[in-house]
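This report examines how the parts of one protein chain are arranged in space. Please consult the sequence and the three-dimensional view while reading.

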Amino acid sequence: MPDVEEKVPLKNPGDAECGSCKPETSAPAGENRSGPEDHSLCPVDTVDNISKLNKIGMNHDFHMEEKVLPPNSLEGKVKETTHSAFWDHLKEQLSATPPDFSCALELLKEIKEILLSLLSPRQGRLRSEIEEALGAELLQRKAEGGALSLPHLSKYILGMMTLLCAPVRDEVVQKLENITDPVWLLRGIFQVLGLMKMDMVNYTMQSLQPHLQEHSSQREQSTFQELLNKQPSLLSHTTRWLTQAAADLTTPPPTCPDTSDSASVVSFSPSEAAIGPEPLSPTMVLSQGFLNLLLRDPEDEDFPETLLTDRAQLQELRSQLRQLTVLASVLLVARSFSGSVLFGSPQFVDKLKQITKDLMEEFKFRPEEALQTVSEQVSQEMHRSLENMGLAALSSENTASLIGQLQNIVEKENCVRSVIDQRVHLFLKCCLVLGVQRSLLDLPGGLTVIDAELAELGQKFVSLTHHNQKVP
């Protein structure tokens, strides 16, 4: 198999359906996270469309990805079989005497369209050049006259790909030049063109993001204004939500459970800015309201009407918050049994992180089983690492205690989990007041090992809150 097949996974844009001489190209597959299917405020498609605009506009790291099918899935097997059949059919046509170029011409036509789609409006000269070199009528006449040279055309196409591709694709394009088999070369060309199309889509999305964010705010405002004009008493849930947020800000916060390093929480300077006794403002109330939403069930029937378009994102943030709380709790318990001996190694910390993250999906449905597996694997990794460092392994008593404490994290009232949960909430509150980067400078104990994950969560939360502040 050619090298490019190993380095460039088979992509939809470069595949083809059997029985057709046109390769299958697919649009990038974004995440399908629609909002609730039934509510009384506005049509589902309106909420869903605004939700998608919000997600793109607020997430600076948003990008489209290919749809990757599980290797053993029925759909994946059917797709692989049909695509292989198509390329085998093309090989038979080109090997015939005289060669049959019918499917090859369709492929070249598709390649031309993809190359043209990668051009900007200002690249008129290149557009004319591609239209002339890969014109359907010209290629058809050459095929009928026996003068069609696939190697020559492929060399021209690779030259254009080198000119148009992002720097990150230079290496895979260069590898295509080493392929001599025309069928494998065409297949590789389609695979890399698929990557280039995805690059162009994501570049365009990034360029349009500020405009999408502005349009999203304007559309969301106008949509709810129309609803309010029809039904002035529509926002009863929103009123109760904001009233509760204002009450929370005027009520002294409960004392946090004490721990050995609780002083680091008390001395966490951003907390004073976050909960200082200053007059209430709409921004403060709204920020507190969003913090409250992270603590409640997003499927709650009393969900604020004005946030229905953000419901899916809030649910995603809530899930991410819970996962980070569990992750930090696991690491804090593990650290208490090993100290800085093992946690001084970034590789060891990353290993424990990966063990826990790999089981987060299972934790949603079978939390007890997931944490049991985590506790066993963490214990084994600690034992193995201590042994590799020539240090004494944990005693059987300490091992049993470690496993037991890790398994107890499944309880929401668990002391370690409660402390971590409060500290993450405090961090998010500080992000709204001071910004994410400043809040990361003085993290409370137990959170420094997940600073990268907290930064991602904090940025998403701040973007969502600030977006809603812009919608009057």
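Which residues of H18 are buried? In this predicted model, they are Ala370, Leu371, Val374, Ser375, Val378, Ser379, Glu381, Met382, Ser385 and Leu386.

## Helix H18 and its surroundings

Helix H18 runs over residues 367-388, a stretch of 22 residues. From its first C-alpha to its last it reaches 31 Å, close to the 32 Å expected at 1.5 Å a residue. An α-helix has 3.6 residues a turn, so residues three or four places apart point the same way. The buried residues of H18, among them Leu371, Val374, Ser375 and Val378, may be viewed with this in mind.

The cover over the buried residues of H18 includes H14, H19 and the helices H15 (340-343), H16 (346-357) and H17 (360-365). Just after H18, Gly390 has a positive phi of about 75°.

## The protein as a whole

The secondary structure comes to 22 helices and two strands. The protein has 472 residues, and 44% of them are buried. Among contacts between residues at least 6 apart in sequence, 73% join residues at least 24 apart.

## Helix H13, an enclosed helix

Helix H13 covers residues 282-293 and has 12 residues. Its reach from first to last C-alpha is 17 Å, close to the 16 Å expected at 1.5 Å a residue. Nine of these 12 residues are buried, so H13 is largely enclosed by the rest of the structure. The buried residues are Val285, Leu286, Ser287, Gln288, Gly289, Phe290, Leu291, Asn292 and Leu293. They pack against H10 (236-250), H14, H20 and H22.

How do the axes of H10 and H13 lie, and at what angle do these helices pack? The angle is about 100°, and the axes are 8 Å apart. H10 and H13 are therefore roughly perpendicular to each other. From H10, the contact involves Trp241, Leu242, Ala245, Ala246, Asp248 and Leu249; from H13, it involves Met284, Val285, Leu286, Gln288, Gly289, Phe290, Asn292 and Leu293. These residues divide into 10 nonpolar, three polar and one charged.

## Two contacts of helix H22

Helix H22 (residues 451-469) packs with helix H20 (residues 415-434) at an angle of about 50°, with the two axes 9 Å apart. That angle makes H20 oblique to H22. The crossing of H20 and H22 is right-handed. H20 contributes Val424, Phe427, Leu428, Cys431 and Leu432 to the contact, while H22 contributes Leu454, Leu457, Gly458, Phe461, Val462 and Thr465. Nine of the residues in the contact of H20 with H22 are nonpolar, two are polar and none is charged.

Helix H14 (residues 311-338) also packs with H22: the axes come within 11 Å and cross at roughly 155°. H14 and H22 are therefore roughly antiparallel to each other, and their crossing is left-handed. On the H14 side, Gln313, Leu314, Glu316, Leu317, Gln320, Leu321 and Leu324 take part. They meet Glu453, Leu454, Glu456, Leu457, Lys460, Phe461 and Leu464 of H22. The contact of H14 with H22 holds eight nonpolar, two polar and four charged residues. Leu454, Leu457 and Phe461 of H22 appear in the contact with H20 and also in the contact with H14.

## Loops and their neighbours

The loop between helix H3 (74-95) and helix H4 (102-117) contains Pro98. The peptide bond from Thr97 to Pro98 is cis, with omega near -5°. Gln93 lies in helix H3. Is Gln93 buried or exposed? Its relative accessibility is 9%, so Gln93 counts as buried, the cut-off for this being under 20%. Leaving aside neighbours within four places in sequence, Gln93 is in contact with Pro99, Asp100, Ser102 and Cys103. One of these, Cys103, is 10 residues from Gln93 in sequence and 7.9 Å away in space, C-alpha to C-alpha.

A second loop, between helix H19 (396-408) and H20, holds Glu411. With a relative accessible area of 44%, Glu411 is partly exposed. Glu411 and Glu368 are 43 residues apart in sequence, and their C-alpha atoms are 9.1 Å apart in space. Glu368 falls within the residue range of H18.

Technical notes
Residues numbered from 1 in each chain as written. Predicted model: local features only at pLDDT ≥ 70, side-chain atom pairs only at ≥ 80, totals over all residues. Heavy atoms only, no water. Axes fitted to C-alpha atoms, helices over the stretch in contact; angles between N-to-C directions. Helix = DSSP H or I, 4+ residues; strand = E, 2+ residues; numbered from the N terminus. Parallel < 35°, antiparallel > 145°, perpendicular 65-115°, else oblique. Left-handed = near helix turned anticlockwise from the far one by under 90°. Contact = heavy atoms within 4.5 Å. Nonpolar A, V, L, I, M, F, W, Y, C, P; charged D, E, K, R; others polar. Expected span 1.5 Å × (residues − 1). Buried < 20%, exposed > 50% of the residue type's maximum accessible area, 1.4 Å probe, protein only.
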